[in-house]
Amino acid sequence: MDEKNTPKIGHEAHSVPFDLFDVWFNEAKNKEKPYPDAMTLATADANGRPSARIVLLKGFDERGFVFYTNYESRKGDQLAENSFAALCFHWKSLEKCVRIEGAVTRVDGAESDEYFASRPRGSQLGAWASIQSRPMSGRFDLEKRVAEFTARFGLGKVPRPDHWGGFRLIPDRIEFWSEGKFRLHDRQLYTRDADDKGWNLQKLFP
């Protein structure tokens with residue numbers, strides 16, 4: 001059996017899932033090109049109708065996983081109706097996945113301001129110009145709005161619009177999946193204690 005395909009039963013055990021995620025994410029940044037930070041974000045509306053899209057991870061720590069978007073987009077609307085969501089990383093070069101579930105909350109304004117200020121100016125203007133997820137008659141509608149906001153801010157600082165900022169998914173369930181030969185994959189599931197003081201680790205059948 002090839003070493004890379006051998007199920008890693010009992011390996012890479014960490015008491016805190018963020019430590020293991022940090023190891024895997026650093027591996028992905030070295031091997032998974034061009035977007036090791038790409039993750040599927042699944043949300044659902046008040047009626048339970050789901051939708052999914054790819055977003056980029058912009059930060060993580062023991063508080064959770066952060067991404068940024070237009071708060072008035074479809075995902076923003078759904079998160080306002082149903083504050084629970086799921087993330088999924090798939091790093092095919094590593095033959096690994098990470099699945100994350102939990103409640104979502106907005107990051108504070110100062111944190112969103114700091115990240116917005118680090119973005120390229122074109123992306124800052126785009127956050128003002130795009131009425132995300134809303135219909136437009138053609139590409140010219142977007143280009144016109146970009147021109148309008150470019151003229152509005154001139155050479156000055158582009159402030160963060162109120163409708164744009166970060167969300168943090170606060171996980172209560174994180175699963176690490178490694179490919180195994182004959183589909184004998186390795187699955188490690190971390191679930192948060194009911195008293196929120198730690199994590200439980202379980203092995204799952206593939």
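Glutamine 78 is buried in this predicted model, because its relative accessibility is 4% and the cut-off for burial is under 20%. The residue sits in helix H2, which runs over residues 74-81. Its side chain makes a polar contact of 2.8 Å with the side chain of serine 51. Beyond its neighbours within four places in sequence, glutamine 78 touches Thr43, Ala44, Asp45, Arg49, Ser51 and Arg53.

Threonine 43 is a second polar partner. A 2.4 Å polar contact joins its side chain to that of glutamine 78. Threonine 43 belongs to strand E1, residues 38-44. At 3% relative accessibility, threonine 43 also counts as buried. Its contacts, again leaving aside neighbours within four places in sequence, are Arg49, Pro50, Ser51, Arg53, Lys75, Gln78, Leu79 and Ala85. Ser51 thus appears in the contacts of threonine 43 and in those of glutamine 78.

Just before E1 comes another residue to look at. Tyrosine 35 is in the loop between helix H1 (17-31) and E1. Is tyrosine 35 buried or exposed? Tyrosine 35 is exposed, at a relative accessible area of 53%. Its C-alpha atom lies 9.4 Å from that of tryptophan 91, although 56 residues separate the two in sequence.

Now turn to arginine 106. This residue is in strand E6, residues 96-106. Its contacts outside the local stretch of four places are Tyr71, Gly166 and Phe167. Histidine 14 is 92 residues from arginine 106 along the chain, and their C-alpha atoms are separated by 28 Å.

Next, the open space. The largest pocket holds about 380 Å³. Its lining has 18 residues, and the closest to the centre are Tyr68, Thr69, Arg119, Gln132 and Trp164. Which elements each supply at least two residues of that lining? They are strand E2 (50-56), strand E4 (64-70) and helix H4 (121-129). By character, the lining divides into eight nonpolar, six polar and four charged residues.

Helix H4 also has a buried side to its story. Gln124, Leu125, Ala127, Trp128 and Ala129 of H4 are buried. Their cover includes helix H3 (109-118), helix H5 (139-153) and E7.

The UniProt record, an unreviewed entry, adds a "binding site" annotation. That annotation covers Lys58, Tyr115, Arg119, Ser123, Arg183, Leu184 and His185. These residues span 128 positions in sequence, and their farthest two C-alpha atoms are 43.4 Å apart, so they do not all gather at one spot. Which of these annotated residues are in the lining of the largest pocket? Lys58, Tyr115, Arg119 and Ser123 are. Arg119 is also one of the lining residues closest to the pocket centre.

Consider two other annotated positions, arginine 183 and histidine 185. Arginine 183 is placed in the loop between strand E7 (164-178) and strand E8 (186-192). Histidine 185 is found in the loop between E7 and E8 too. Their exposure can be compared directly. Arginine 183 counts as exposed, with 62% relative accessibility. Histidine 185 is buried, at 7% relative accessible area. What does histidine 185 contact beyond its neighbours within four places in sequence? The partners are Trp177, Ser178, Glu179, Gly180 and Pro206. At glycine 180, the backbone nitrogen lies 3.0 Å from a polar atom of the histidine 185 side chain.

Finally, place these parts within the annotated domains. The unreviewed UniProt entry assigns residues 32-143 to "Pyridoxamine 5'-phosphate oxidase N-terminal". Over that range the chain is 29% helix and 38% strand, and the end C-alpha atoms are 33 Å apart. The same kind of record labels residues 164-206 "Pyridoxine 5'-phosphate oxidase dimerisation C-terminal". There the chain is 0% helix and 65% strand, with end C-alpha atoms 40 Å apart.

Note on methods:
Residues are numbered from 1 along each chain as its sequence is written. This is a predicted model: local features need pLDDT of at least 70, side-chain atom pairs count only at pLDDT 80 or more; totals for chains, interfaces and linings use all residues. Side-chain values use heavy atoms; hydrogens and water are left out. UniProt positions are given in the numbering used here, feature names are shortened, and annotations may be inferred rather than shown by experiment. On a 1 Å grid over the protein atoms alone, a cavity is a set of points where a 1.4 Å probe fits but cannot get out, and a pocket is an open set with protein on both sides within 12 Å along at least five of seven lines; lining residues have an atom within 4 Å of a point. Helices (H or I, at least four residues) and strands (E, at least two) are DSSP runs, numbered from the N terminus. Buried means under 20% relative accessible area, exposed over 50%, partly exposed in between (1.4 Å probe, protein chains only). Contact means heavy atoms within 4.5 Å. A polar contact is a pair of N or O atoms within 3.5 Å; within protein, one must be able to donate a hydrogen and the other to accept it, and residues adjacent in sequence count only if both atoms are side-chain atoms. Grid points are joined across faces, edges and corners, and a volume is the space filled by probe spheres set on the points. Ala, Val, Leu, Ile, Met, Phe, Trp, Tyr, Cys and Pro count as nonpolar, Asp, Glu, Lys and Arg as charged, and the others, Gly among them, as polar.
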